[in-house]
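Subject: Structure for you to look over

Dear colleague,

I am handing over the structure we spoke about, and below it you will find my notes on what turned up. Please read them with the coordinates open beside you.

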Amino acid sequence: MSSDTLAQVPAAAQAPEPADALRIVPQRRLGQWTAAVAVLVLLGLAVTSVLRNEAFRWTVVADYFTSDSVLRGLWLTLWLTAVVMVLGFALGTLLAAFRLSANPVLRAVGWGYVWLFRSIPVLVQLLLWFNIGALYPQVLGVKTVDLLSPVAVAIIGLTLHEAAYAAEVVRGGILSVDHGQIQAARALGLSRWRRWRRIVLPQAMRSIVPPAGNMLIGTLKGTSIVSVIAVNDLLFSAQLIYHRTYQVIPLLMVATLWYTLVTSVLGVGQYCLEKHYARGTESAR
């Protein structure tokens with residue numbers, strides 16, 4: 001373009017307008033704000049209904065929330081959850097090793113266990129173990145009824161059930177580790193134990209912790225099912241009270257609040273563990 005032509009172009013057209021002079025109009029999100037307001041209104045109505053409904057009898061809830069029987073049931077629930085998770089993951093890790101083994105017999109045993117115990121509902125398993133005396137009246141000369149208390153039945157039934165799911169969680173976590181890193185560690189001369197401790201487990205835990213945390217919370221809530229075999233857990237303690245006082249809804253709210261409180265604490269612990277094992281990855285930044 002010649003100089004004469006440039007001279008005919010207006011100055012405003014030759015130089016771009018500064019960016020700060022441009023007017024930026026934000027996108028209107030009328031639908032999202034309308035939905036948000038509607039959700040808040042419905043939530044407010046629900047909370048108001050719960051707080052103002054006299055049938056909940058919040059004074060009764062406050063009276064029994066820290067009663068001795070409820071706290072004893074809560075302690076048994078927490079203890080049972082911890083025992084089941086430790087034993088379940090110990091057995092599940094062994095089963096995961098079976099499923100990853102080169103031995104076809106061990107692989108078949110691991111697969112069969114997972115298939116069987118994931119197929120049977122946990123309530124059916126508990127009832128079968130509770131009535132095991134009908135199949136085996138005596139074990140080593142001891143009556144089965146005397147050998148297996150309701151708490152022992154709950155531990156056995158829940159542990160065998162959880163182990164099937166824990167095996168798949170551990171197996172999935174191990175398979176998520178890039179096999180090339182294991183080969184590189186082997187090429188560097190690291191022992192099998194050091195490879196597992198320094199290479200496999202730290203990376204596998206990134207995939208194991210989230211589902212394991214969900215299993216822990218699910219196990220805590222799932223322990224309420226042991227009330228059907230008269231184990232004095234949190235729910236059974238609440239049931240014993242409302243069978244005596246006929247305050248069904250308030251006692252169920254006591255159990256609900258305790259379950260909500262404990263699962264919230266466990267959720268915070270799960271979040272911290274996930275952040276710990278996610279260090280150095282993009283999700284941690």
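**Overall make-up**

The protein has 13 helices and 2 strands, and please keep in mind throughout that this is a predicted model. Of its 285 residues, 32% count as buried, while the area that the protein exposes comes to about 18,400 Å², with carbon and sulfur atoms supplying 66% of it. As for the contacts between residues at least 6 apart in sequence, 74% of them join residues that are at least 24 apart.

**Two helix pairs**

Two packed helices are described by the angle between their axes and the distance between the axes, and I have followed that scheme for the two pairs below.

Helix H6, which covers residues 104-119, packs against helix H9, residues 150-175, at an angle of about 125°, and their axes are 9 Å apart. Because angles of 35 to 65 or 115 to 145 degrees are left over once the parallel, antiparallel and perpendicular ranges are set aside, that value makes H6 oblique to H9. The crossing in which H6 passes H9 is left-handed. On the H6 side the residues that take part are Tyr113, Val114, Phe117 and Arg118, and in H9 they meet Leu160, His161, Ala163, Ala164, Tyr165, Ala167 and Glu168.

For H4 and H13, the axes come within 9 Å and cross at roughly 55°, and the two helices are therefore oblique to each other. Here H4 passes H13 in a right-handed crossing. The H4 residues at this meeting are Trp58, Val60, Val61, Tyr64 and Phe65, whereas H13 contributes Pro250, Leu251, Met253, Val254, Leu257 and Trp258.

**Two buried hydroxyl residues**

Thr81 belongs to helix H5, which spans residues 68-100, and with a relative accessibility of 4% this residue counts as buried, since the cut-off for that class is under 20%. A polar atom of the Thr81 side chain lies 2.8 Å from the backbone oxygen of Thr77. If residues up to four places away in sequence are set aside, Thr81 touches Leu216, Thr219, Leu220 and Thr223.

Ser237 sits in helix H12, residues 234-245, and is likewise buried, with a relative accessible area of 3%. Which backbone oxygens lie by a polar atom of the Ser237 side chain? One is that of Asp233, at 2.8 Å, and another is that of Ser69, at 3.4 Å. Ser69 also appears among the residues that Ser237 touches, together with Val70, Gly73 and Asn232, again not counting residues up to four places away in sequence.

**Glu274 in H13**

Glu274 is found in helix H13, residues 248-277, and is partly exposed, with a relative accessible area of 26%. The side chain of Glu274 makes a polar contact, at 2.9 Å, with the side chain of Gln270. Leaving out residues up to four places away in sequence, Glu274 touches Val209 and Pro210. The C-alpha atoms of Glu274 and Ser207 are separated by 9.1 Å, although these two residues are 67 residues apart along the chain.

**Two loop residues with positive phi**

Arg57 lies in the loop between helix H3 (30-52) and helix H4 (58-65), and has a positive phi of about 50° although it is not a glycine. At 42% relative accessibility, Arg57 counts as partly exposed, because that class takes in values from 20% to 50%.

Tyr246 is placed in the loop between H12 and H13, and its phi, near 65°, is again a positive value in a residue other than glycine. How accessible is Tyr246: buried or exposed? With a relative accessible area of 71%, Tyr246 is exposed, as the cut-off for that class is over 50%.

Those are the points I wanted to pass on, and I would be glad to have your reading of them.

With best wishes

Notes. Residues numbered from 1 in each chain as written. Predicted model: local features only at pLDDT ≥ 70, side-chain atom pairs only at ≥ 80, totals over all residues. Heavy atoms only, no water. Helix = DSSP H or I, 4+ residues; strand = E, 2+ residues; numbered from the N terminus. Buried < 20%, exposed > 50% of the residue type's maximum accessible area, 1.4 Å probe, protein only. Polar contact = N/O pair within 3.5 Å; in protein donor to acceptor, adjacent residues only side chain to side chain. Contact = heavy atoms within 4.5 Å. Areas by Shrake-Rupley, 256 points an atom, 1.4 Å probe, with all protein chains shown as cover. Axes fitted to C-alpha atoms, helices over the stretch in contact; angles between N-to-C directions. Left-handed = near helix turned anticlockwise from the far one by under 90°.
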